[in-house]
Amino acid sequence: MENNTFNIGSIRNDFPILNSKVKGKQLIYLDNAATTQTPKAVIDSIVSYYSNLNANIHRGVHYLSQKATEAYEDARKKFQKQLNAKSSSEIIFTSGTTHSINLVANGFIDLLNKGDEIIVSHLEHHSNIVPWQMLCEKTGATMRVIPMNEKGELIFSEYEKLLSDKTKIVFVNHVSNALGTINPVKEIISKAHEFGAAVLIDGAQALPHFKVDVTDLDADFYVGSAHKLYGPTGVGILYGKEDWLTKIPPYQGGGEMIDEVTFEKTTYAKLPNKFEAGTPNIAGVIASAVALDYINRVGLDNIAKYEKELLDYATGKLLEIDGVKIYGDTSNKTSVISFNIGNLHHYDIGSIIDNEGIAVRTGHHCAQPIMDYFNVSGTVRISLSFYNTKEEIDSLINAIMMAKKMLS
Amino acid sequence: MFSDWTEKYEYIIDLGKSLSVIDPKFKTPENTIKGCQSKVWLHAENTDNKIIFTADSDAIITKGIIAILIRVFSNQSAKDIINAKSDFIEEIGLKQHLSQTRANGLSSMVKQIKLYAIAYSNK
């Protein structure tokens, strides 16, 4: 059940790191698209797991193993519910979004032939480009790119032109990590399906900001990372439609993913175990579900509303600064602002405001094609979370003014 | 030496601004130093058995840091450059102001300067 009252003071108290000091200054953490901070409930869950529950899952008849297995499988059910997947066996735990993408890309090696085409968007993170390039090298398939416009939006009419019977898979992020653009993934999926192509949506930057329903989207694959979702590092989520997950072969061999093993032949376990070879990050998976509970207690609708307020405030304040250029000024975006100031180097700005305790990302954000489009070597990126405040944005603006003065 | 971080940064920025400009023809991919977050070019010339370094960066703080290195290493003999200790980087408190990636960039610059000296001493 969602809270109707959104109390920023009590929310900030849930995150121990937000009270810490950096270089003698109060930390102002504005790099949430890189990783989000961890609420105490999640940290406690990790401590509690190793203090009370630690055992290997799915193997032991003993009490602890059964309890750990239950907690792990409950986590799977929570992610199923969160994403509205039809079955919990359609949720695979991986080590992160990159792992999830590689798992799917690897699964398509046997499904692609020379002359087949795969479609990527210009707005992708390198981790949603490189695994597919490797796939193309292995299979002889060709990669086509959905172009973007000056606002940082994908050009849908151009996408429609790229689709054909040769298209086998389309992969697009739900939200651009570098610009915050929310892509029309439902329409992208529905168009691809007209040509029988599968679609993978990289939801790493979407899941923390708004409700995602994979059944409504009709996504074939949907991937994300727990550490961008207020959970621990080292846990990724892969949703895949049962048909697809049955069709693609396992990515790694090992324990847990087998049905029967002889030296002549091994038969694989059913979903989801087929893709979870070896001992998974049990503590991390359980803690990730605690993070989901936390987000749902705050309420994704409350989060979206508050983050929009922060985004508008920060955008307005930044644009008051002479020489600021924001990249990607679409109206449909998450709380990410990518910008430069005149000829100042993003690295110089980031270095100076770091001394004021302010954490931002500078550089190409693992999305060099976007930087090339705008003809810049990089940008300063601030990415806001529901625990940030307008006061923090004011401090950012003051620090930027100071940097500007020092550098000019 | 400096009362707070702003003075230190202002000093580095001023050094960056005063760094004599590298001839654009030397801003080649071969003269680019890898391992830096910003673009860095370093060129070396051997004149009267002294090595003269010129450099540039698109980021002014990086340029200031290179200026310090050039002030120390330029116009020295190859032998002196090779034998020079680079402890002064620690001593002036530069490294503690840099993040790990930036400190790596600084190490790359020192390494490149020493490599030039080794190359010239073998000629």
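# Notebook: a look through chains A and B

I began with A:Pro272, which is placed in the loop between β12 (266-268) and α10 (282-298) of chain A. This is a predicted model, and I read every entry below with that in mind. What I wanted from this loop was the peptide bond before the proline: A:Leu271 and A:Pro272 are joined by a cis peptide bond, with omega at about 0 degrees.

**The sheet of chain A**

Next I followed the strands of chain A and found an open sheet of 7 strands, whose order is β4-β10-β9-β8-β7-β5-β6 and whose pairing is mixed. Which strands are its edges? They are β4 (91-94) and β6 (142-146) of chain A, each of which has a pairing partner on one side only. I also noted the twist: on average, and with direction ignored, neighbouring strands of this sheet are turned by 20 degrees against each other.

Within the sheet I looked at one pair of strands in detail. Strand β7 (residues 167-173) and strand β8 (residues 198-202) of chain A run in the parallel sense and pair over 5 bridges. For A:Asn173, the bridge partner in β8(A) is A:Asp202.

I then asked which strands helix α3 (residues 63-83) of chain A lies across. The answer is β4, β9 (221-225) and β10 (236-240) of chain A, and the helix runs at about 120 degrees to β4(A).

**Two positive phi values in chain A**

Two residues around β9 caught my attention. A:Asp218 lies in the loop between α8 (214-217) and β9 of chain A, and its phi is near 65 degrees, a positive value in a residue other than glycine. A:Tyr230 is found in the loop between β9 and β10 of chain A, and it too is not a glycine yet has a positive phi, of about 65 degrees.

Is each of them buried, partly exposed or exposed? A:Asp218 has 15 C-beta neighbours inside 10 Å, so I entered it as partly exposed. A:Tyr230 has 28 other C-beta atoms within 10 Å and is therefore buried, since 20 or more are enough for that.

**A helix checked for length**

I checked helix α2 (residues 40-53) of chain A against its expected span: at 1.5 Å a residue its 14 residues should span 20 Å, and its end C-alpha atoms are 18 Å apart, which agrees. In α2(A), the residues A:Val42, A:Ser45 and A:Tyr49 are buried. To read that spacing I reminded myself that an α-helix has 3.6 residues a turn, so residues three or four places apart point the same way. What covers the buried residues of α2(A) includes α10 of chain A, the helix at one end of the loop that holds A:Pro272.

**Chain B**

Turning to chain B, I counted 5 helices and 2 strands, and from the N terminus on the elements run α-β-β-α-α-α-α. Of its 123 residues, 33% count as buried. Among the contacts in chain B between residues at least 6 apart in sequence, 61% join residues at least 24 apart.

The two strands are β1 (residues 40-47) and β2 (residues 50-57) of chain B, which run antiparallel and are joined by 8 bridges. They form a hairpin with 2 residues between them, and B:Asp48 in the turn has a positive phi of about 50 degrees. B:Thr47 stands opposite B:Lys50 in β2(B).

How do helix α1 (residues 5-18) and helix α2 (residues 60-73) of chain B pack? Their axes are 7 Å apart and meet at an angle of about 80 degrees, which makes α1(B) roughly perpendicular to α2(B). By class, this contact has 8 nonpolar, 3 polar and 2 charged residues. Among the residues that meet here are B:Ile12, B:Leu15 and B:Gly16 in α1(B), and B:Ile61, B:Gly64 and B:Ile68 in α2(B).

**Where the chains touch**

Last, I looked at the contact of the two chains, which takes 11 residues from chain B and 10 residues from chain A. On the side of chain B that touches chain A, the elements that give two or more residues are α1 and α2 of chain B, and α1(B) gives the most, with 4 residues. The residues of that side divide into 6 nonpolar, 2 polar and 3 charged. I closed the notebook on α1(B), which packs against α2(B) and also gives residues to the side that touches chain A.

Key:
Residues are numbered from 1 along each chain as its sequence is written. Chains are lettered from A and ligands numbered from 1 in the order in which they are written. This is a predicted model: local features need pLDDT of at least 70, side-chain atom pairs count only at pLDDT 80 or more; totals for chains, interfaces and linings use all residues. Two strands pair if DSSP finds at least two bridges between them. Axes are lines fitted to C-alpha atoms, for helices over the stretch in contact, and angles run from 0 to 180 degrees between N-to-C directions. Two residues are in contact if their C-beta atoms, placed from the backbone, lie within 7 Å. Angles under 35 degrees count as roughly parallel, over 145 as roughly antiparallel, 65 to 115 as roughly perpendicular and the rest as oblique. Ala, Val, Leu, Ile, Met, Phe, Trp, Tyr, Cys and Pro count as nonpolar, Asp, Glu, Lys and Arg as charged, and the others, Gly among them, as polar. A residue is buried if 20 or more other C-beta atoms lie within 10 Å of its own, exposed if 12 or fewer, and partly exposed in between; C-beta atoms are placed from the backbone. The expected span of a helix is 1.5 Å times one less than its number of residues.
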